[in-house]
Amino acid sequence: PMEQIVEQDLELQAVIGFQGKVEDGLVLHPDNEHIIYPLGTTLVVRHIISRTQQFLRGHDNDVSVVQVSNTGKYIASGQKTHMGFQADIIIWDFDTLQMVHRLKLHKVLIQSLSFSFDEKYLASLGGQDDNTLVIWDIESGKALIGNPVGMNVANRVTFYNTTSSKCLTIHNYGIRVWDLDLIQKKVQYSEILTGTIKRIYSCAAIDAVDQNAYLGTKTGDLIEISLVGKNYKRVGPGKQLFSQGVRCLQLLANGDMLVGAGDGTIAKVSTHDLS
């Protein structure tokens with residue numbers, strides 16, 4: 001016989017004031033006990049179990065991006081500001097909730113941030129008025145490399161998972177792989193060509209061994225590229241596009257990928273054939 005499903009009301013545990021305006025703005029800390037999210041100019045660090053919260057204040061305009069490092073040791077947040085003014089990045093120490101560095105270089109908007117796997121470096125990307133990629137030394141708070149990212153506006157920067165000398169930027173109509181020489185403070189990039197496929201890339205996920213990357217597009221499809229060969233591999237899913245574009249991607253340990261679409265859909269996609 002078919003199992004009977006008993007409907008019952010879910011009990012509400014807690015409510016937070018979260019608008020969802022900041023992409024990837026609700027972060028679960030690696031300790032699995034805290035969530036971190038922006039609230040205007042402030043960062044909220046909320047303890048899930050005790051339901052208490054602390055506020056990180058240091059930005060003078062709305063927070064535009066927030067990232068947590070691999071072990072959870074650091075939080076980095078960036079802001080927007082007015083035309084012509086510098087937009088700050090702040091690195092916070094999670095244990096003390098104190099400001100470690102205030103990083104000033106970019107103008108108008110911080111678009112994207114990424115910690116290196118070893119938590120030694122922070123990559124930052126300015127918005128379209130700035131369009132510069134900067135690599136920061138976290139210990140000293142100094143900028144090691146600053147480089148324009150080209151004509152096509154860059155939307156995301158992501159460090160590789162096994163090396164801090166490579167990162168990926170995704171653009172409106174472009175993909176670049178960057179080789180960072182952090183000793184000589186030099187940088188080189190390679191364009192990854194996708195033939196006739198022209199896309200605005202919105203999000204990226206790199207597999208654990210830095211072999212392949214998966215990119216979500218505003219069109220609502222997924223692109224797979226090889227980071228080893230620096231070439232385009234495939235596009236999917238074949239059957240149907242994700243409505244209102246792919247907004248976020250997360251790779252799972254078993255080789256599947258969770259995809260979040262603009263219409264609120266969450267789907268599981270196989271990385272083997274993107275279906």
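Is Ile49 buried or exposed? In this predicted model, Ile49 counts as exposed because its relative accessibility is 60%, and the cut-off for that label is over 50%. The residue sits in the loop between strand S3 (42-47) and strand S4 (52-57). Together with Leu28 and Ile48, Ile49 makes a nonpolar surface patch of about 290 Å².

Charged side chains come next. Side chains of opposite charge can pair when their charged atoms come close. The count here comes to twelve salt bridges, and three of them serve as examples below. Arg156 forms a salt bridge with Glu23, with the closest N and O atoms 3.6 Å apart. This pair links distant parts of the chain, since Arg156 belongs to strand S13 (residues 154-159) while Glu23 lies in the segment before strand S1 (27-28), 133 residues apart. Arg156 is buried, at a relative accessible area of 14%, whereas Glu23 is partly exposed, at 32%. Both residues also take part in a network of salt bridges with Arg247.

A second example joins Asp88 and Lys104, whose closest N and O atoms are 3.1 Å apart. Asp88 is in strand S7 (residues 86-93) and Lys104 in strand S8 (residues 98-107), so this salt bridge ties together parts that are 16 residues apart in sequence. Asp88 is buried, with a relative accessible area of 4%, while Lys104 is partly exposed, with 46%.

In the third example, Arg234 pairs with Glu224 in a salt bridge, and the closest N and O atoms are 2.6 Å apart. Arg234 lies in strand S20 (residues 231-236) and Glu224 in strand S19 (residues 222-226), ten residues apart. Glu224 is buried, at a relative accessible area of 2%, and Arg234 is partly exposed, at 28%.

Glu224 appears again around Asn212, being one of the residues in contact with Asn212, along with Ile206, Leu227 and Lys233, among others. Asn212 is found in strand S18 (residues 212-217) and counts as buried because its relative accessibility is 12%. Its side chain makes a polar contact of 3.2 Å with the side chain of Lys233.

Finally, what about the cysteines? A disulfide is a covalent bond between the sulfur atoms of two cysteines. The count of disulfides comes to zero. For Cys203, the closest cysteine sulfur is that of Cys248, and the 6.5 Å between them is too far for a bond, because a disulfide needs the sulfur atoms within 2.5 Å. Cys203 counts as buried, at 5% relative accessibility, whereas Cys248 counts as partly exposed, at 34%.

Note on methods: Residues numbered from 1 in each chain as written. Predicted model: local features only at pLDDT ≥ 70, side-chain atom pairs only at ≥ 80, totals over all residues. Heavy atoms only, no water. Patch = residues over 30% accessible without salt bridge, like charges linked within 9 Å, V, L, I, M, F, W, Y side chains within 5 Å. Areas by Shrake-Rupley, 256 points an atom, 1.4 Å probe, with all protein chains shown as cover. Salt bridge = Lys/Arg side-chain N within 4 Å of Asp/Glu carboxyl O. Helix = DSSP H or I, 4+ residues; strand = E, 2+ residues; numbered from the N terminus. Buried < 20%, exposed > 50% of the residue type's maximum accessible area, 1.4 Å probe, protein only. Polar contact = N/O pair within 3.5 Å; in protein donor to acceptor, adjacent residues only side chain to side chain. Contact = heavy atoms within 4.5 Å. Lists of a residue's contacts leave out its neighbours within four places in sequence.
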